[in-house]
Amino acid sequence: MAEPDNHPPVTSRRRFLRGAVAGGIAAGSLGGEARAETGKGADNLPPNVPEWMKTPGDPIGSQLYGMPSEHEKNVVRNIPKNAAQLISAASRSPLQDLDGIITPNGLFYERHHGGIPNIDPAQHRLILHGLVDKPLIFTMEDIRRFPSQSRIHFIECSGNPTYTKPYGKTASDLVGLVSCAEWTGVALKVVLQEAGLKPDAKWVVAEGADAAAMTRSIPIEKCLEDTMLAYSQNGERLRPQQGYPLRLVVPGYEGNMNVKWVRRLKVTAEPVYSREETSKYTDLMADGSAREFTFYMEAKSIITRPSGGQRLSGPGFHEITGIAWSGHGKIKRVDISLDQGKSWQEAQLQEPILTRALTRFRFPWHWDGSPAVIQSRATDESGYVQPTLAELIAVRGENSFYHNNAIWPWRIAGNGEISNAQV
Amino acid sequence: MRRFDRRAASLALVLVGAAWHVSAQERYGIGRYWPYAPTLFDYIRRAMPLNAPQSLSDTDVYAVSAYVLHLNGLLPADATLDAKTLSALKMPNRGMFVGDPRPDVKNPACTKDC
């Protein structure tokens with residue numbers, strides 16, 4: 001099947017290796033030539049000994065809770081400039097500056113509907129009532145006495161991004177409302193079994209202890225499948241922005257169903273039709289119909305490097321990398337196009353490839369310096385293929401704010417500047 | 001202050017789903033979009049006013065709900081609202097809500113000569 005001009009990945013890798021060797025001989029490719037530099041800061045460069053080697057550094061314990069290097073101070077969450085109301089706005093993860101699949105806790109995206117509550121865990125309770133044999137109230141200590149589990153899952157806001165312009169300039173502006181962490185807590189199934197479900201229990205209505213009292217109805221099947229009551233994130237207790245001291249993790253379902261600061265679970269026969277599952281988080285189609293209870297986040301991917309706002313230093317080797325994820329399970333493959341979608345080649349997937357988690361992909365690329373449009377396309381284990389924006393809009397129109405999982409192309413100009421190709 | 005007024009004006013438009021110019025946001029106005037009236041009571045009761053949620057009495061919440069429904073042309077100005085009348089109110093857009101048909105979009109996954 002592999003035509004010589006179809007560039008299957010193996011050929012590309014061989015070409016890269018040949019190119020790198022040739023480039024290294026010709027003009028210096030990935031490293032600098034071994035010669036002394038001059039100019040500002042050169043005192044710390046070879047062959048000199050840098051100043052930080054000439055005096056002892058800070059003592060152990062100078063930061064009892066460690067912070068990133070001061071030289072990384074620009075890697076922060078990204079807040080839209082025109083956010084009308086900060087207590088119910090969102091901040092985005094700086095996806096283009098992150099590696100791997102785990103989002104650092106301080107950079108996990110935020111979406112709040114009534115600000116971030118400051119909760120004393122000693123005064124926090126989880127109420128479980130409704131269609132149960134025995135209504136229960138749990139302290140945080142009670143919750144942590146249940147058998148625990150840890151799982152890695154992404155959480156993504158339902159509207160990431162919208163269908164209409166203006167589209168974001170950077171990967172973070174565009175789809176920064178997704179993050180991924182290792183969650184530790186107790187399977188909701190275990191807690192529900194402790195109370196005992198009545199036969200007509202079909203939904204669990206979760207309520208957050210924030211000023212929005214965020215309320216969503218979750219189907220009982222999902223609660224018994226893989227929903228978690230999580231108290232830790234990446235090894236430490238949840239951050240206040242992520243629901244401290246207790247949140248739901250509903251793997252693969254739209255972000256706001258993963259109710260933060262959860263204080264109440266009411267088991268019901270029917271959904272509650274809260275504002276956040278009727279007025280909001282329903283998908284208005286072009287014909288005026290509106291889809292309700294659209295829970296799953298479908299397969300999606302984005303190239304995070306090189307991506308909008310960055311600039312390629314020049315022709316030569318550049319690794320293309322990004323993230324892919326699906327609410328329906330594992331990512332099966334990611335394809336890359338370098339020619340405006342005319343042809344596609346398979347990227348390498350970095351292990352581990354986990355269910356309903358971010359998956360890192362990589363693709364070796366030798367840029368010849370001519371303008372290009374690059375994009376990624378994810379396929380998940382159900383066989384579902386990430387669509388183009390045109391394919392999505394043809395079916396759904398542009399009214400909806402939610403569930404846009406379109407392929408997103410980046411345009412690379414001849415001078416190396418990268419911009420959003422959809423703008 | 002101007003900024004606040006503009007926000008208040010835009011909120012008023014959302015509340016009534018003004019007909020003269022239907023922007024994407026206004027399509028979601030209560031009278032135009034919401035499928036169930038008790039959702040309004042529930043939301044006001046647990047999340048409004050924004051600066052002091054859960055501060056209104058149930059009677060006040062019914063009064064505010066009735067006022068907003070009146071602005072949307074769904075109740076007369078002198079209407080009295082209680083649990084029974086609120087849940088009996090049929091919202092105009094209720095029949096337009098459908099289930100989730102996804103996967104609804106198919107990418108043929110072309111790999112060459114696309």
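**Cavities, a pocket and the contact between two chains**

Let me begin inside the protein, with the largest cavity, whose lining residues divide by class into 8 nonpolar, 7 polar and 4 charged. Please keep in mind throughout that this is a predicted model. That largest cavity has a volume of about 190 Å³, and of the 19 residues that line it, those nearest its centre are Arg111(A), Gly255(A), Asn256(A), Asn258(A) and Lys260(A).

How many cavities of 30 Å³ or more are there by the rule used here? The count comes to 4, and I will describe one other. The second largest cavity holds about 70 Å³ of space, and its lining has 6 nonpolar, 3 polar and 2 charged residues. If you would like to find this second largest cavity on the structure, look in chain A for Leu95(A), Leu98(A) and the run of Asp99(A), Gly100(A), Ile101(A), Ile102(A) and Thr103(A), and then for Thr304(A), Ile323(A), Leu358(A) and Arg360(A), which also line it.

One residue of that lining, Asp99(A), brings me to the salt bridges, of which a search of the whole structure finds 25 over all chains. Asp99(A) forms one of them with Arg305(A), and the closest N and O atoms of this pair are 3.2 Å apart. Asp99(A) sits in the loop between strand S1 (90-91) and strand S2 (110-111) of chain A, while Arg305(A) belongs to strand S15 (residues 300-305) of chain A, so the pair ties together parts that are 206 residues apart in sequence. As a general reminder, side chains of opposite charge can pair when their charged atoms come close.

Now to the contact between the chains, which takes 49 residues from chain A and 36 residues from chain B. The two chains bury about 3600 Å² between them, and 53% of that area is on carbon and sulfur atoms. Which residues of chain B lose the most area to chain A? They are Tyr28(B), Arg102(B) and Val105(B), which together account for 19% of what that side buries.

On the polar side of the account, 21 residue pairs are in polar contact between chain B and chain A, counting those with both residues at pLDDT 80 or more. The elements of chain B that give two or more residues to the side touching chain A are helix H1 (2-16), helix H3 and strand S1 (97-98), and H3(B) gives the most, with 5 residues. By class, this side of chain B has 20 nonpolar, 5 polar and 11 charged residues.

The salt bridges between chain B and chain A number 4, and in one that I can show you, the side chains of Arg396(A) and Asp104(B) meet at 2.8 Å, N to O.

I will close with the second largest pocket, which has a volume of about 370 Å³. It is lined by 15 residues, and the closest to its centre come from both chains, namely Glu207(A) and Arg264(A) together with Asp42(B), Arg45(B) and Arg46(B). Strand S7 (203-208) and strand S12 (262-268) of chain A, along with helix H3 (38-47) of chain B, each supply at least two residues of this pocket's lining. Here too H3(B) gives the most, with 4 residues, and the lining as a whole divides into 5 nonpolar, 3 polar and 7 charged residues.

How values were computed. Residues numbered from 1 in each chain as written. Chains lettered and ligands numbered in written order. Heavy atoms only, no water. 1 Å grid on protein atoms, 1.4 Å probe; cavity = no way out; pocket = protein on both sides within 12 Å on 5 of 7 lines; lining within 4 Å. Points joined across faces, edges and corners; volume = space filled by probe spheres on them. Nonpolar A, V, L, I, M, F, W, Y, C, P; charged D, E, K, R; others polar. Contact = heavy atoms within 4.5 Å. Buried area = accessible area lost by both parts, 1.4 Å probe. Polar contact = N/O pair within 3.5 Å; in protein donor to acceptor, adjacent residues only side chain to side chain.
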